[in-house]
Amino acid sequence: MTQPTLYGTSASRALRALWGIEETGIAFTHVPTTYGPDSKAPEYLAVNPNGRIPALVDGDLTLCESMAINLYLAKRYGGALYPANPADEARAWQWSVWGISEIEPLQMQIVVQKLFTPEEKRNPKVVEGATKGLQRPLRVLDAALAQRPYLLGDQFSVADLNVAAVMHLMKNIGFGYSEHAHVQRWADACHGRPALARALARP
Ligand SMILES: N[C@@H](CCC(=O)N[C@@H](CS)C(=O)NCC(=O)O)C(=O)O
């Protein structure tokens with residue numbers, strides 16, 4: 001059987017899936033497709049018609065969307081990374097969707113301002129508004145993490161992987177969690193994992 005192929009460079013949202021596949025420890029082929037023209041080449045559009053990275057091919061399965069890729073990888077290859085019962089499985093789905101709907105859009109407003117907008121064109125009000133908006137989901141996350149070390153209990157799971165992978169960009173923009181001590185403790189633990197370091201070391 002051929003090994004899975006993961007498309008996408010680490011300096012993009014594909015980092016999330018690279019981190020996920022590194023957590024499983026399986027052998028895989030990494031194709032460092034960028035989000036530039038090579039993600040619009042016909043050969044890549046045949047893999048992901050959306051023209052976005054990441055994408056995964058595993059046997060007959062071709063999959064896009066980083067959260068779905070990680071849920072699949074964890075279930076298929078991740079052992080204890082994937083919840084053992086339906087309730088925790090549903091919680092992992094919930095947190096994964098929560099990360100890309102409650103955190104990502106606000107986080108991206110700050111990322112676009114700080115990393116992709118020339119200094120003279122930045123709008124501090126956008127950063128201010130998004131920072132304020134993020135306090136509500138961060139309070140929710142903090143309250144959940146006050147109950148237990150990780151989102152589903154004592155162990156790091158795919159729920160933590162997906163939420164922490166979305167929030168990895170916060171590190172790049174120097175976003176602090178001074179009012180959310182449990183989030184800070186959890187983010188440090190997740191972002192300190194060797195599998196993430198291996199993913200970041202990839203092209
Ligand atoms: N919701 C998707 C987003 C993927 C995404 O937007 N990837 C960006 C790179 S960070 C991309 O491929 N952009 C190319 C484009 O939009 O044309 C996921 O989480 O996988």
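## Helices α4 and α6

In this predicted model, helix α4 (residues 86-116) packs against helix α6 (residues 158-166) at an angle of about 5 degrees, and their axes are 9 Å apart. Angles under 35 degrees count as roughly parallel, and α4 and α6 are therefore roughly parallel to each other.

On the α4 side, the contact is made by Ala92, Trp95, Ser96, Trp98, Gly99, Ile100, Ile103, Glu104 and Gln107. Helix α6 contributes Val158, Ala159, Asn162, Val163 and Val166. Sorted by class, the contact of α4 with α6 has nine nonpolar residues, four polar residues and one charged residue.

## The C-terminal annotation

UniProt lists residues 85-203 as "domain: GST C-terminal", in an unreviewed entry. Over residues 85-203 the chain is 73% helix and 0% strand. The C-alpha atoms at the two ends of this range are 36 Å apart.

## The N-terminal annotation

The same kind of record covers the start of the chain: UniProt places "domain: GST N-terminal" at residues 1-81, again in an unreviewed entry. Here the chain is 33% helix and 17% strand, and the end C-alpha atoms of residues 1-81 are 23 Å apart.

## Helices α1 and α3

Helices α1 and α3 pack at an angle of about 5 degrees, with 9 Å between their axes. By the under-35-degree criterion, α1 and α3 are therefore roughly parallel to each other.

From α1, the residues in contact are Arg16, Ala17, Gly20, Ile21 and Thr24. They meet Ser66, Met67, Ile69, Asn70, Leu73 and Tyr77 of α3. By class, the contact of α1 with α3 has six nonpolar residues, four polar residues and one charged residue.

## Two backbone features

The peptide bond from isoleucine 53 to proline 54 is cis, with omega near 10 degrees. Proline 54 is found in the loop between α2 (42-45) and β3 (55-58).

Glutamate 65 has a positive phi of about 80 degrees, although this residue is not a glycine. Glutamate 65 lies in the loop between β4 (61-64) and α3 (66-77).

## The largest pocket

The largest pocket holds about 770 Å³ of space. It is lined by 29 residues, and the closest to its centre are Ser12, Arg13, Arg16, Tyr35 and Ile53. Two of these names recur from the sections above: Arg16 is one of the α1 residues that meet α3, and Ile53 precedes the cis bond to proline 54.

At least two lining residues are supplied by each of α1 (14-24), α4, α6 and α7 (168-172). Helix α4 gives the largest share of the lining, six residues. Helices α4 and α6 thus appear both in the lining of the largest pocket and in the helix pair that packs at about 5 degrees. By class, the lining has 15 nonpolar, eight polar and six charged residues.

Conventions: Residues are numbered from 1 along each chain as its sequence is written. This is a predicted model: local features need pLDDT of at least 70, side-chain atom pairs count only at pLDDT 80 or more; totals for chains, interfaces and linings use all residues. Side-chain values use heavy atoms; hydrogens and water are left out. UniProt positions are given in the numbering used here, feature names are shortened, and annotations may be inferred rather than shown by experiment. Helices (H or I, at least four residues) and strands (E, at least two) are DSSP runs, numbered from the N terminus. Axes are lines fitted to C-alpha atoms, for helices over the stretch in contact, and angles run from 0 to 180 degrees between N-to-C directions. Angles under 35 degrees count as roughly parallel, over 145 as roughly antiparallel, 65 to 115 as roughly perpendicular and the rest as oblique. Contact means heavy atoms within 4.5 Å. Ala, Val, Leu, Ile, Met, Phe, Trp, Tyr, Cys and Pro count as nonpolar, Asp, Glu, Lys and Arg as charged, and the others, Gly among them, as polar. On a 1 Å grid over the protein atoms alone, a cavity is a set of points where a 1.4 Å probe fits but cannot get out, and a pocket is an open set with protein on both sides within 12 Å along at least five of seven lines; lining residues have an atom within 4 Å of a point. Grid points are joined across faces, edges and corners, and a volume is the space filled by probe spheres set on the points.
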